[in-house]
Amino acid sequence: MKIKEGFLVREVAGAHIVVATGARMKEFSGIIKLNETGVFLWERMTKETDVQTLTNALTAEYDVGVEQAQKDVENFTETLKKADIIE
Amino acid sequence: MFTIEIAGIAIGIQNRFRYIRELCEEYMANEKTPLFTVCATDEDVKEEIKISAPGVPRAYAEATCIHRLIARRLYEFDAFLLHSAVISCDGEGYAFAAKSGVGKSTHISLWMKNFGDRVFVVNGDKPIIRLTENGFYVYGTPWRGKEGYGKNTSCPLKALCFVERGEQNSICGIGADEALVGLFPQVYLPEDAVASSATLELIDKFVKKTKFYRLKCNMQDEAALVAYKGMN
(Lines give C-alpha, C1' and ligand atoms only; values in the text may rest on other atoms or scores of the structure.)
Protein backbone atom coordinates (compact mmCIF):
# COMPACT_ATOMS: atom_id res chain seq x y z
CA MET A 1 0.00 0.00 0.00
CA LYS A 2 1.02 3.60 -0.45
CA ILE A 3 -0.42 7.09 -0.25
CA LYS A 4 -2.12 8.29 -3.42
CA GLU A 5 -0.64 11.13 -5.45
CA GLY A 6 -1.86 14.63 -4.81
CA PHE A 7 -1.50 15.09 -1.05
CA LEU A 8 0.80 17.57 0.57
CA VAL A 9 1.92 17.87 4.19
CA ARG A 10 2.74 21.21 5.73
CA GLU A 11 3.31 22.45 9.23
CA VAL A 12 0.60 24.96 10.07
CA ALA A 13 0.42 26.62 13.49
CA GLY A 14 2.57 23.90 15.02
CA ALA A 15 0.49 21.01 13.66
CA HIS A 16 1.23 18.82 10.66
CA ILE A 17 -1.62 19.22 8.23
CA VAL A 18 -2.35 17.16 5.13
CA VAL A 19 -4.38 18.65 2.29
CA ALA A 20 -5.29 17.38 -1.16
CA THR A 21 -4.11 19.31 -4.20
CA GLY A 22 -5.01 19.34 -7.86
CA ALA A 23 -7.41 16.75 -9.14
CA ARG A 24 -7.30 14.93 -5.81
CA MET A 25 -9.26 17.83 -4.26
CA LYS A 26 -12.34 16.59 -6.04
CA GLU A 27 -12.27 13.40 -3.98
CA PHE A 28 -10.93 14.74 -0.72
CA SER A 29 -11.95 18.14 0.54
CA GLY A 30 -10.97 17.91 4.19
CA ILE A 31 -7.76 18.23 6.10
CA ILE A 32 -5.96 15.70 8.26
CA LYS A 33 -4.01 16.61 11.33
CA LEU A 34 -1.15 14.21 12.02
CA ASN A 35 0.43 13.66 15.41
CA GLU A 36 4.11 12.75 15.70
CA THR A 37 3.56 9.05 15.00
CA GLY A 38 1.27 9.94 12.14
CA VAL A 39 3.96 12.07 10.54
CA PHE A 40 6.52 9.30 11.04
CA LEU A 41 4.32 6.72 9.35
CA TRP A 42 3.09 9.07 6.61
CA GLU A 43 6.65 9.83 5.54
CA ARG A 44 7.25 6.11 5.10
CA MET A 45 4.06 5.52 3.15
CA THR A 46 4.83 7.79 0.23
CA LYS A 47 6.35 4.76 -1.47
CA GLU A 48 5.02 1.19 -1.56
CA THR A 49 5.15 -0.47 1.87
CA ASP A 50 3.24 -2.83 4.17
CA VAL A 51 2.16 -3.18 7.80
CA GLN A 52 5.19 -5.33 8.71
CA THR A 53 7.72 -2.83 7.34
CA LEU A 54 5.98 0.08 9.07
CA THR A 55 5.81 -1.81 12.36
CA ASN A 56 9.53 -2.58 12.17
CA ALA A 57 10.31 1.07 11.50
CA LEU A 58 8.22 2.16 14.49
CA THR A 59 9.84 -0.26 16.91
CA ALA A 60 13.31 0.63 15.64
CA GLU A 61 12.67 4.28 16.38
CA TYR A 62 10.41 4.24 19.43
CA ASP A 63 10.64 2.30 22.64
CA VAL A 64 7.37 0.47 22.14
CA GLY A 65 6.44 -3.22 21.99
CA VAL A 66 5.82 -4.94 18.66
CA GLU A 67 2.18 -5.69 19.47
CA GLN A 68 1.39 -2.08 20.35
CA ALA A 69 3.30 -0.81 17.33
CA GLN A 70 1.44 -3.12 14.99
CA LYS A 71 -1.91 -2.07 16.44
CA ASP A 72 -1.01 1.59 15.97
CA VAL A 73 0.05 0.98 12.38
CA GLU A 74 -3.13 -0.93 11.62
CA ASN A 75 -5.33 1.78 13.18
CA PHE A 76 -3.54 4.46 11.19
CA THR A 77 -3.65 2.64 7.87
CA GLU A 78 -7.30 1.73 8.45
CA THR A 79 -8.18 5.40 8.96
CA LEU A 80 -6.34 6.36 5.80
CA LYS A 81 -8.00 3.55 3.88
CA LYS A 82 -11.46 4.64 5.01
CA ALA A 83 -10.70 8.18 3.85
CA ASP A 84 -9.62 6.71 0.51
CA ILE A 85 -6.14 8.13 0.80
CA ILE A 86 -4.09 4.99 0.19
CA GLU A 87 -3.92 2.64 -2.74
CA MET B 1 -10.48 44.76 -21.28
CA PHE B 2 -10.08 46.86 -18.14
CA THR B 3 -7.97 47.10 -15.03
CA ILE B 4 -9.14 46.95 -11.43
CA GLU B 5 -7.34 47.28 -8.15
CA ILE B 6 -8.32 44.99 -5.32
CA ALA B 7 -6.38 44.57 -2.08
CA GLY B 8 -3.78 46.91 -3.52
CA ILE B 9 -3.18 44.60 -6.49
CA ALA B 10 -3.74 45.91 -10.02
CA ILE B 11 -5.34 43.18 -12.17
CA GLY B 12 -6.17 43.23 -15.86
CA ILE B 13 -9.47 41.65 -16.85
CA GLN B 14 -10.13 40.47 -20.38
CA ASN B 15 -13.87 40.05 -20.58
CA ARG B 16 -16.53 39.38 -23.17
CA PHE B 17 -19.66 40.22 -21.21
CA ARG B 18 -20.79 43.52 -19.73
CA TYR B 19 -21.85 42.12 -16.37
CA ILE B 20 -18.37 41.88 -14.89
CA ARG B 21 -17.52 45.44 -15.87
CA GLU B 22 -20.56 46.63 -13.94
CA LEU B 23 -19.70 44.40 -11.00
CA CYS B 24 -16.21 45.95 -10.82
CA GLU B 25 -17.32 49.56 -11.20
CA GLU B 26 -16.16 50.62 -7.74
CA TYR B 27 -12.75 49.06 -8.32
CA MET B 28 -11.81 50.49 -11.71
CA ALA B 29 -8.15 51.50 -12.03
CA ASN B 30 -7.46 51.86 -15.73
CA GLU B 31 -4.62 54.27 -15.07
CA LYS B 32 -2.65 51.47 -13.41
CA THR B 33 -0.49 48.82 -15.07
CA PRO B 34 -1.80 45.35 -14.23
CA LEU B 35 0.51 43.03 -12.34
CA PHE B 36 -1.24 40.19 -14.18
CA THR B 37 -4.24 39.70 -16.45
CA VAL B 38 -6.98 37.10 -16.32
CA CYS B 39 -9.36 35.90 -18.97
CA ALA B 40 -12.07 33.26 -18.87
CA THR B 41 -12.11 31.12 -22.00
CA ASP B 42 -15.25 29.73 -23.57
CA GLU B 43 -14.42 26.32 -22.11
CA ASP B 44 -13.93 27.83 -18.63
CA VAL B 45 -17.35 29.46 -18.82
CA LYS B 46 -19.07 26.30 -20.10
CA GLU B 47 -17.40 24.25 -17.36
CA GLU B 48 -18.46 26.79 -14.73
CA ILE B 49 -22.10 26.60 -15.82
CA LYS B 50 -21.95 22.82 -15.72
CA ILE B 51 -20.54 22.58 -12.21
CA SER B 52 -22.19 25.51 -10.47
CA ALA B 53 -25.72 25.77 -11.79
CA PRO B 54 -26.92 24.77 -15.23
CA GLY B 55 -29.01 27.60 -16.55
CA VAL B 56 -26.86 30.30 -14.98
CA PRO B 57 -26.28 33.12 -17.52
CA ARG B 58 -22.92 33.01 -19.29
CA ALA B 59 -22.17 36.57 -18.18
CA TYR B 60 -22.50 35.55 -14.56
CA ALA B 61 -20.43 32.41 -15.11
CA GLU B 62 -17.67 34.50 -16.69
CA ALA B 63 -17.54 36.69 -13.58
CA THR B 64 -17.32 33.62 -11.33
CA CYS B 65 -14.53 32.13 -13.45
CA ILE B 66 -12.59 35.36 -13.31
CA HIS B 67 -13.02 35.49 -9.54
CA ARG B 68 -11.52 32.01 -9.30
CA LEU B 69 -8.65 32.84 -11.65
CA ILE B 70 -7.79 35.81 -9.48
CA ALA B 71 -8.10 33.76 -6.28
CA ARG B 72 -5.53 31.30 -7.64
CA ARG B 73 -2.86 33.99 -7.80
CA LEU B 74 -3.47 35.80 -4.53
CA TYR B 75 -0.73 33.82 -2.78
CA GLU B 76 1.83 35.64 -4.95
CA PHE B 77 0.86 38.78 -3.06
CA ASP B 78 0.68 37.28 0.43
CA ALA B 79 -3.09 37.17 0.21
CA PHE B 80 -5.89 34.63 0.34
CA LEU B 81 -9.66 34.47 0.01
CA LEU B 82 -11.64 33.78 3.16
CA HIS B 83 -15.30 32.84 3.07
CA SER B 84 -16.57 35.09 5.86
CA ALA B 85 -18.55 38.25 6.50
CA VAL B 86 -16.29 41.11 7.51
CA ILE B 87 -17.40 44.38 9.06
CA SER B 88 -15.48 47.45 10.06
CA CYS B 89 -16.38 48.89 13.46
CA ASP B 90 -14.57 52.06 14.50
CA GLY B 91 -12.08 51.33 11.74
CA GLU B 92 -11.22 47.83 12.94
CA GLY B 93 -12.11 44.66 11.03
CA TYR B 94 -14.13 41.85 12.56
CA ALA B 95 -14.51 38.68 10.48
CA PHE B 96 -17.36 36.24 11.09
CA ALA B 97 -17.02 32.70 9.78
CA ALA B 98 -19.56 29.89 9.85
CA LYS B 99 -21.04 27.17 7.69
CA SER B 100 -23.51 28.56 5.17
CA GLY B 101 -26.90 29.30 6.60
CA VAL B 102 -25.85 29.60 10.24
CA GLY B 103 -26.51 33.34 10.28
CA LYS B 104 -23.42 35.45 9.56
CA SER B 105 -25.44 37.99 7.57
CA THR B 106 -28.13 38.18 10.24
CA HIS B 107 -25.52 38.71 12.92
CA ILE B 108 -23.71 41.50 11.11
CA SER B 109 -27.01 43.23 10.44
CA LEU B 110 -27.48 43.32 14.23
CA TRP B 111 -24.14 45.14 14.48
CA MET B 112 -25.29 47.64 11.88
CA LYS B 113 -28.57 48.12 13.73
CA ASN B 114 -26.96 48.57 17.15
CA PHE B 115 -23.79 50.49 16.28
CA GLY B 116 -25.17 52.63 13.47
CA ASP B 117 -22.57 54.71 11.67
CA ARG B 118 -19.69 53.10 13.46
CA VAL B 119 -20.20 49.94 11.42
CA PHE B 120 -20.22 49.11 7.74
CA VAL B 121 -19.70 45.91 5.80
CA VAL B 122 -16.32 45.44 4.13
CA ASN B 123 -17.43 42.28 2.33
CA GLY B 124 -20.34 39.99 3.10
CA ASP B 125 -19.10 36.87 1.38
CA LYS B 126 -15.42 36.44 0.41
CA PRO B 127 -13.11 39.26 1.44
CA ILE B 128 -9.42 39.15 0.63
CA ILE B 129 -7.08 38.86 3.58
CA ARG B 130 -3.58 40.16 2.92
CA LEU B 131 -0.43 40.23 5.01
CA THR B 132 1.01 43.73 4.98
CA GLU B 133 3.94 45.18 6.91
CA ASN B 134 1.36 46.27 9.50
CA GLY B 135 -0.18 42.86 9.94
CA PHE B 136 -3.20 41.22 8.28
CA TYR B 137 -5.65 43.54 6.56
CA VAL B 138 -9.09 42.75 5.12
CA TYR B 139 -10.22 44.11 1.78
CA GLY B 140 -13.49 44.52 -0.05
CA THR B 141 -13.80 43.00 -3.51
CA PRO B 142 -16.35 43.27 -6.33
CA TRP B 143 -17.68 39.82 -5.38
CA ARG B 144 -20.04 40.49 -2.53
CA GLY B 145 -22.33 37.50 -2.24
CA LYS B 146 -26.07 37.42 -2.73
CA GLU B 147 -26.94 40.31 -0.40
CA GLY B 148 -24.43 42.51 -2.18
CA TYR B 149 -22.93 43.94 1.01
CA GLY B 150 -19.50 45.50 0.64
CA LYS B 151 -17.36 48.52 -0.08
CA ASN B 152 -14.08 49.24 -1.78
CA THR B 153 -12.19 49.66 1.46
CA SER B 154 -9.77 48.00 3.83
CA CYS B 155 -8.95 47.89 7.50
CA PRO B 156 -6.71 45.96 9.86
CA LEU B 157 -8.19 42.66 11.00
CA LYS B 158 -8.84 42.73 14.71
CA ALA B 159 -10.33 39.26 15.19
CA LEU B 160 -11.94 36.27 13.53
CA CYS B 161 -15.07 34.97 15.21
CA PHE B 162 -16.67 31.59 14.48
CA VAL B 163 -20.43 31.83 14.73
CA GLU B 164 -22.80 29.13 15.96
CA ARG B 165 -26.45 29.31 16.81
CA GLY B 166 -27.34 29.26 20.48
CA GLU B 167 -30.23 29.97 22.78
CA GLN B 168 -28.17 32.37 24.87
CA ASN B 169 -25.47 34.74 23.68
CA SER B 170 -21.95 33.94 24.79
CA ILE B 171 -18.45 34.36 23.43
CA CYS B 172 -15.04 32.97 24.35
CA GLY B 173 -11.52 33.14 22.98
CA ILE B 174 -10.20 29.97 21.32
CA GLY B 175 -6.72 28.71 20.58
CA ALA B 176 -4.94 27.97 17.32
CA ASP B 177 -5.84 24.26 17.39
CA GLU B 178 -9.56 24.86 17.48
CA ALA B 179 -9.32 27.82 15.12
CA LEU B 180 -7.58 25.72 12.47
CA VAL B 181 -10.44 23.25 12.30
CA GLY B 182 -13.01 25.99 11.78
CA LEU B 183 -10.78 27.99 9.47
CA PHE B 184 -9.78 25.45 6.85
CA PRO B 185 -13.18 24.87 5.24
CA GLN B 186 -13.48 28.61 4.71
CA VAL B 187 -10.14 29.20 3.02
CA TYR B 188 -9.87 28.98 -0.74
CA LEU B 189 -6.99 26.57 -1.31
CA PRO B 190 -5.74 26.73 -4.91
CA GLU B 191 -5.43 23.43 -6.79
CA ASP B 192 -1.85 23.98 -7.83
CA ALA B 193 0.59 22.45 -5.33
CA VAL B 194 2.94 25.45 -5.28
CA ALA B 195 0.03 27.85 -4.73
CA SER B 196 -1.50 25.54 -2.13
CA SER B 197 1.75 25.24 -0.23
CA ALA B 198 2.29 29.01 -0.22
CA THR B 199 -1.28 29.56 0.96
CA LEU B 200 -0.77 27.12 3.82
CA GLU B 201 2.32 29.07 4.84
CA LEU B 202 0.20 32.21 4.89
CA ILE B 203 -2.43 30.46 6.98
CA ASP B 204 0.31 29.44 9.39
CA LYS B 205 1.23 33.10 9.87
CA PHE B 206 -2.44 34.05 10.02
CA VAL B 207 -3.23 31.60 12.80
CA LYS B 208 -0.22 32.77 14.80
CA LYS B 209 -1.04 36.47 14.45
CA THR B 210 -4.84 36.55 14.77
CA LYS B 211 -7.20 36.49 17.76
CA PHE B 212 -9.93 33.85 17.42
CA TYR B 213 -13.28 33.63 19.16
CA ARG B 214 -16.29 31.34 19.20
CA LEU B 215 -19.66 33.04 19.47
CA LYS B 216 -22.90 31.27 20.31
CA CYS B 217 -25.75 33.60 19.48
CA ASN B 218 -29.43 34.09 18.86
CA MET B 219 -31.04 36.81 16.76
CA GLN B 220 -31.57 39.34 19.55
CA ASP B 221 -29.86 42.74 19.57
CA GLU B 222 -27.89 41.58 22.59
CA ALA B 223 -25.93 39.19 20.36
CA ALA B 224 -24.04 42.06 18.74
CA LEU B 225 -23.31 43.68 22.10
CA VAL B 226 -22.04 40.43 23.61
CA ALA B 227 -19.86 39.81 20.57
CA TYR B 228 -18.43 43.33 20.62
CA LYS B 229 -17.70 43.21 24.34
CA GLY B 230 -16.08 39.81 24.06
CA MET B 231 -13.66 40.98 21.39
CA ASN B 232 -12.75 44.28 23.06
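At 42% relative accessibility, Asp90(B) counts as partly exposed in this predicted model, because partly exposed covers the range from 20% to 50% relative accessible area. The residue sits in the loop that joins β5 (85–89) to β6 (92–97) of chain B. Its phi is near 55 degrees, a positive value in a residue other than glycine. Most residues other than glycine have a negative phi.

Asp84(A) also has a positive phi, near 60 degrees. This aspartate belongs to the segment after α3 (66–82) of chain A. Asp84(A) is partly exposed, its relative accessible area being 43%.

The table sets out the two aspartates.

| Residue | Phi | Relative accessible area | Location |
|---|---|---|---|
| Asp84(A) | near 60 degrees | 43% | segment after α3 (66–82) of chain A |
| Asp90(B) | near 55 degrees | 42% | loop between β5 (85–89) and β6 (92–97) of chain B |

The remaining points concern the largest pocket. The space in the largest pocket comes to about 1200 Å³. Its lining is made up of 43 residues, and those closest to the centre are Thr64(B), Arg68(B), Leu81(B), Lys126(B) and Tyr188(B). By class, the lining holds 23 nonpolar, 10 polar and 10 charged residues.

Both chains contribute elements to this lining: β2 (15–20) of chain A supplies at least two residues, as does each of α1 (19–23), α2 (42–52) and α3 (58–71) of chain B. The element that gives the most is α3(B), with 6 residues.

Technical notes: Residues are numbered from 1 along each chain as its sequence is written. Chains are lettered from A and ligands numbered from 1 in the order in which they are written. This is a predicted model: local features need pLDDT of at least 70, side-chain atom pairs count only at pLDDT 80 or more; totals for chains, interfaces and linings use all residues. Side-chain values use heavy atoms; hydrogens and water are left out. On a 1 Å grid over the protein atoms alone, a cavity is a set of points where a 1.4 Å probe fits but cannot get out, and a pocket is an open set with protein on both sides within 12 Å along at least five of seven lines; lining residues have an atom within 4 Å of a point. Grid points are joined across faces, edges and corners, and a volume is the space filled by probe spheres set on the points. Helices (H or I, at least four residues) and strands (E, at least two) are DSSP runs, numbered from the N terminus. Ala, Val, Leu, Ile, Met, Phe, Trp, Tyr, Cys and Pro count as nonpolar, Asp, Glu, Lys and Arg as charged, and the others, Gly among them, as polar. Buried means under 20% relative accessible area, exposed over 50%, partly exposed in between (1.4 Å probe, protein chains only).
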